[in-house]
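These are my notebook entries on a single structure. I record what I looked up, topic by topic.

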Amino acid sequence: MATFSIPTFTIPILLIYLSLKPISPIPLPNTPHFGPNLLLIGDAHAINSPSSVQLTDPKSSPSSGLLIRSKPIKFRTSTKPLSFSTDFTFSISPQNGDGLAFIIVPADFSPKFSRERFGLSRENRFFAVKFDTSVNGNVGDRNGNHVGVDVGSLHSVKVSNVSAINLVLNSGIKLHSWVDYDSSSKRLEVRLCEFGNPRPYDPLLAHGIDLGEMWRGEKVLVGLSSSSGNSMQRTNVYSWKFKLRSIPNWLHSQPVNPQAFSSEHDQEKMVDQKKLCALRLFSRLIFATGCGLLAAFAVLFLWTLFANGSSQVAVIPVKCSTNSGDFRYEKIKLVLEDSLDGVKN
Ligand SMILES: *[C@@H]1O[C@H](CO)[C@@H](O)[C@H](O)[C@H]1NC(C)=O
């Protein structure tokens with residue numbers, strides 16, 4: 001179904017473009033910390049191949065880099081709306097660059113990736129969760145240590161103060177973030193803590209948004225992007241997991257984050273399911289027994305009908321035949337004997 005064809009006349013243009021483009025996407029080797037289908041764009045490069053990915057290059061300011069999943073996704077298909085859970089570990093060095101952003105962009109985005117503003121300055125259709133370390137009055141940033149949700153503009157639709165949870169984004173310390181989107185509740189949640197700590201129960205930021213309405217059936221890509229602004233800020237990513245969750249339309253009350261539920265809850269659920277199973281088995285057993293009884297009655301009924309019928313058949317000639325007296329007598333006798341047998345028993 002997914003066919004991709006390039007009109008022949010665009011091939012020479014594409015070749016010229018690719019030869020002019022300074023850095024083309026480089027595949028990142030598949031490792032447990034990153035998984036398959038990742039591309040490095042811009043200044044992004046693997047370090048100690050690839051125990052970490054450095055998105056910005058302090059030697060070439062302004063610098064920007066993008067780690068992107070090459071597999072496009074669709075938020076709306078004919079059957080199921082899409083939910084996702086992603087988590088990544090990263091560090092941002094103490095300069096006042098832009099920081100890091102988790103971005104969702106149209107599938108044809110990579111040639112538009114720029115040097116500024118998380119590489120998004122030439123794209124106006126995007127969704128971003130930014131871990132912002134600069135105070136940019138133009139886009140309404142209040143402090144250089146916040147998480148913001150951006151839709152098509154770097155003017156955030158929602159921000160959360162990271163200082164309020166006693167963390168500093170650009171301290172150089174390794175941090176861990178979870179971004180979960182649930183399509184049935186149309187809710188986005190962002191969690192953040194120091195690397196090594198358990199996933200926080202309370203989200204740092206929660207925002208109602210319908211990504212299915214925003215992207216519909218369009219093919220989009222997800223990525224982690226960083227830009228250093230005019231600083232020498234270094235942003236490193238140490239791991240990144242991205243999981244899609246398709247929820248059938250009829251199921252509405254799916255938790256935003258199944259992992260947030262304790263194992264106790266899971267066990268409760270399992271016990272409930274076992275009970276449900278037993279109940280189903282029992283009802284099936286009753287049903288089967290009922291069916292069996294019904295069938296037995298039906299057979300018995302037919303059998304008695306057939307048995308009576310045969311004696312009636314034996315009687316009919318008696319009624320119809322007018323002569324042949326002996327034969328008639330015997331027949332009657334037979335039926336009588338039969339009925340006498342029945343009385344005796
Ligand atoms: C962020 O939180 C810190 C600590 O609670 C507070 O001092 C600061 O004023 C807050 N900044 C903004 C912009 O809300």
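I began with charges over rings: I count a charge as sitting over a ring if NZ of Lys or CZ of Arg is within 6 Å of the ring centre and within 35 degrees of the ring normal. The model is predicted, and I required pLDDT of at least 70 for local features and 80 or more for side-chain atom pairs, while totals for chains, interfaces and linings use all residues. Residues are numbered from 1 along each chain as its sequence is written, and side-chain values use heavy atoms, with hydrogens and water left out.

**Entry 1. Charges over rings**

I found R69 over the face of W240, at 4.8 Å from the ring centre. I also found K174 over the face of Y238, where the distance to the ring centre is 4.6 Å.

**Entry 2. Aromatic pairs**

I paired rings of Phe, Tyr and Trp (its six-membered ring) if their centres lie within 6.5 Å; planes under 30 degrees apart are stacked, over 60 edge-to-face, and the rest tilted. By this rule I obtained 11 aromatic pairs. One of them joins F88 and F90, a tilted pair with 5.9 Å centre to centre and 45 degrees between the planes. I noted both F88 and F90 as buried, where buried means under 20% relative accessible area, exposed over 50%, and partly exposed in between (1.4 Å probe, protein chains only).

I then turned to F88 and F131. Their ring centres are 5.8 Å apart and their planes stand at 90 degrees, so I entered the pair as edge-to-face. For location I used helices (H or I, at least four residues) and strands (E, at least two) as DSSP runs, numbered from the N terminus. F88 lies in strand β7 (residues 82-92) and F131 in strand β9 (residues 127-132), so this pair ties together parts that are 43 residues apart in sequence. The relative accessible area of F88 is 0%, which means that F88 is buried. F131 also counts as buried, because its relative accessibility is 0%.

Which residues do the ring pairs link into a cluster? I listed F75, F84, F88, F90, F102, F131, Y181 and F242.

**Entry 3. The ligand**

I took a residue as near the ligand if one of its heavy atoms lies within 4 Å of it. R142, N143, N161, S163 and A164 surround the ligand. Taken alone, the ligand exposes 360 Å², of which the protein buries 41%; accessible areas come from the Shrake-Rupley method with a 1.4 Å probe, and for residues only the protein chains shown count as cover.

By class, I counted 1 nonpolar, 3 polar and 1 charged residues in the shell around the ligand. Here Ala, Val, Leu, Ile, Met, Phe, Trp, Tyr, Cys and Pro are nonpolar, Asp, Glu, Lys and Arg are charged, and the others, Gly among them, are polar.

I next looked up polar contacts: pairs of N or O atoms within 3.5 Å, where within protein one must be able to donate a hydrogen and the other to accept it, and residues adjacent in sequence count only if both atoms are side-chain atoms. An N or O atom in the side chain of N161 is 2.2 Å from an oxygen atom of the ligand.

**Entry 4. Buried residues in loops**

Q233 is in the loop between β15 (219-227) and β16 (235-246). Is Q233 buried or exposed? I entered Q233 as buried, because its relative accessibility is 0%. Its side chain reaches the backbone oxygen of S93 at 3.4 Å.

T133 is in the loop between β9 and β10 (146-151). T133 has 0% relative accessibility and therefore counts as buried. From T133 to S171 I noted 38 residues in sequence and 9.9 Å in space, C-alpha to C-alpha.

**Entry 5. Backbone exceptions**

I kept the general rule in view: most residues other than glycine have a negative phi, and most peptide bonds are trans.

The peptide bond from S61 to P62 is cis, with omega near 0 degrees. P62 is in the loop between β4 (52-54) and β5 (64-69).

N166 is not a glycine, yet has a positive phi of about 60 degrees. I located N166 in the loop between β11 (158-161) and β12 (175-182). N166 is exposed, because its relative accessible area is 72%.

K186 also has a positive phi, near 50 degrees, and is a residue other than glycine. I found K186 in the loop between β12 and β13 (187-194). The relative accessible area of K186 is 35%, so I recorded K186 as partly exposed.
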